[in-house]
Amino acid sequence: MKKSTGKALRFTTIQLENWRNFTRVETQLQRRAFLLGPNASGKSNFLDVFRFLHDIVTVGGGFQEAVRKRGGVSSLRCLAARRYTDIVIRVTMGGGNGNTWEYDIEFTQDNLRRPVIRRERIVQGFVELLARPDDKDKEDPERLTQTYLEQVNVNKEFRQVADFFGSVRYLHVVPQLVREPDRSVGKRNDPFGGDFLEQIARTPEKTRHARLGRIRDALRVAVPQIKELELARDVRGTPHLRGKYEHWRPQGAWQSEDQFSDGTLRLMGLLWAILDGSGPLLLEEPELSLHPEVVRFIPQMFARIQRRTGRQIIVSTHSSDLLQDEGIGLDEVVLLQPGDEGTSLRLADGLPTVKSLVGGGISLAEAIMPQTRPDKVEQLALFGD
Amino acid sequence: MPTSAAFLVSGAVEGLLDEAVLKRLIAHVGAMPGPVYGRRGKSALLKRLHSYNQAAQHELWMVLVDLDEDADCAPTFRMSCLPQPAPKMCFRIAVREVEAWLFADRERLARFLVVPVSSIPSEPEAVASPKDAMVHLASRSRRSEIREDMAPRPGSGRRVGPAYTSRLIQFVQDQSQGWQPETAASSSPSLARTLACLGRLANL
């Protein structure tokens, strides 16, 4: 297949101030990034920054809605924030044919608790294309309730950034929601898979057929009994996934998604997400419900898909099976460490201990997992008394 | 060589590539690969060696480990690790790493990596660090997919590229275009001894 690495734009650095768990952090991001940290260290909140940028440019969304959806500025603002309480998100993007971009947004709330923008800046290469507040903003402060990025009539010069944010995908398939779509009726592009089957059904038939074929082949590694995989609508028009399982009957038997195992559905969701779209893909704990030996091949699968599509993949994980992989770069691992002043971010290649352990032949999992272990974890056992 | 595929050989290895090689070798002598244990590195494997040997009292086993720089020659190393192997245990050592066995099929490997045959070492067991040599070779492939998958990105801090293992597993598993154990055995004595040992197991 044709190589296209280097063509897809990706996030190269991110800087946050006062965003949820993070008072002031900055990190580089490779094309593949693994987020590690104890429970509640902020892995999902970190991923949520990219979803936030996506929401800003979404039709029917915008800056106001993106903040409102998250409970307003006061629930976004870091608990450890003190003096400088503006929320700051600064990202740089690159990798797309030498094109580099910087997007910077700083916001707070006014006396009516309405989110207002303090600063919005876009730089392409070394050229500043936008610097707000500008004169018009000073004349009419109302304008500061919207970003320029979300407005089609003014964002022409930097639409590539808007399109890039719009291409961010987040998926975290919850098998129960796929089986019982009633729980999330009316949701479109539900990241938890409530309309997963609808999403598959909306895909043009030729593409869908090709993707389901590839997914079936990949699934058979983990679930060898599965022979066919297709999408069919029932009499009411509701789409269902059907899999043909091989067993003692010579013809095998068809089962639909409500009979699929959690692992089958999760892996299917993961494989679909990888094939769907070309923008950055955010995944939460792709290892859930999967056999550890299946999990060990996930990083290599990501690497190979990225070689073809150039797509950035950012994943959170707790899995030492996943981190056994010898090909994971130390600069691909972002460690989240909670502290009194909020969570800090460190790349594994900036941790001398991890570097020397790995250099000495210890697996990355063994070298880094102790750094993410909660301090008094043994106390949990006492809860049983 | 036995004709029936009715008997199972269990195994233990250091990693995922070794597992693919082990399974291919077991199938090559006409046996069936059973469950494979280990895959957590060399020291973990050696620590469990006596348990595997216990299990080999009753069933056929093959344990494969890299010699690395641990001893000058395989027999010394073997004696120090497992002086008394069970009758159904085939404990083998790759000199110096399993990648050397892949070098031993020069033509096929050259075609797979898209490099000149002459660049592949002709005496694979004399290579001090076959894994590094493999990465170095792959980094000079004429095909960019091979380079990107197998050679580490500058700054990654790792010995191998992001899909090094899965690429080589592909080579090992591909019976029609990939690795041929029989051919490889002719220029790798440690592989030849392994095949002979497996052959004996199969006839037990």
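Mentor: A polar contact is a pair of N or O atoms within 3.5 Å; within protein, one must be able to donate a hydrogen and the other to accept it, and residues adjacent in sequence count only if both atoms are side-chain atoms. This is a predicted model: local features need pLDDT of at least 70, side-chain atom pairs need 80 or more, and totals for chains, interfaces and linings use all residues. Residues are numbered from 1 along each chain as written, chains are lettered from A and ligands numbered from 1 in the order written, and side-chain values use heavy atoms, without hydrogens or water.

Trainee: How many Å separate the centres of the two domains of chain B?

Mentor: Chain B splits into domain 1 (8-95 + 188-202) and domain 2 (100-173), with bounds from an automatic or database assignment. Taken over C-alpha atoms, their centres are separated by 23 Å.

Trainee: Which three residues supply the most of the area that domain 1 buries against domain 2?

Mentor: About 1200 Å² is buried between the domains of chain B, 72% of it from carbon and sulfur atoms; this is accessible area (1.4 Å probe) lost on being put together, summed over both parts. On the domain 1 side, 42% comes from Leu17(B), Val95(B) and Ser188(B).

Trainee: How many residue pairs are in polar contact across this interface?

Mentor: The rule finds zero salt bridges there (Lys or Arg side-chain nitrogen within 4 Å of an Asp or Glu carboxyl oxygen). Polar contacts, with both residues at pLDDT 80 or more, link residue pairs numbering four.

Trainee: Which element gives the most to the domain 1 side?

Mentor: α1 (16-28), β4 (89-94) and α11 (189-202) of chain B each supply at least two residues. With six residues, the top contributor is α1(B).

Technical notes
Buried area = accessible area lost by both parts, 1.4 Å probe. Helix = DSSP H or I, 4+ residues; strand = E, 2+ residues; numbered from the N terminus.
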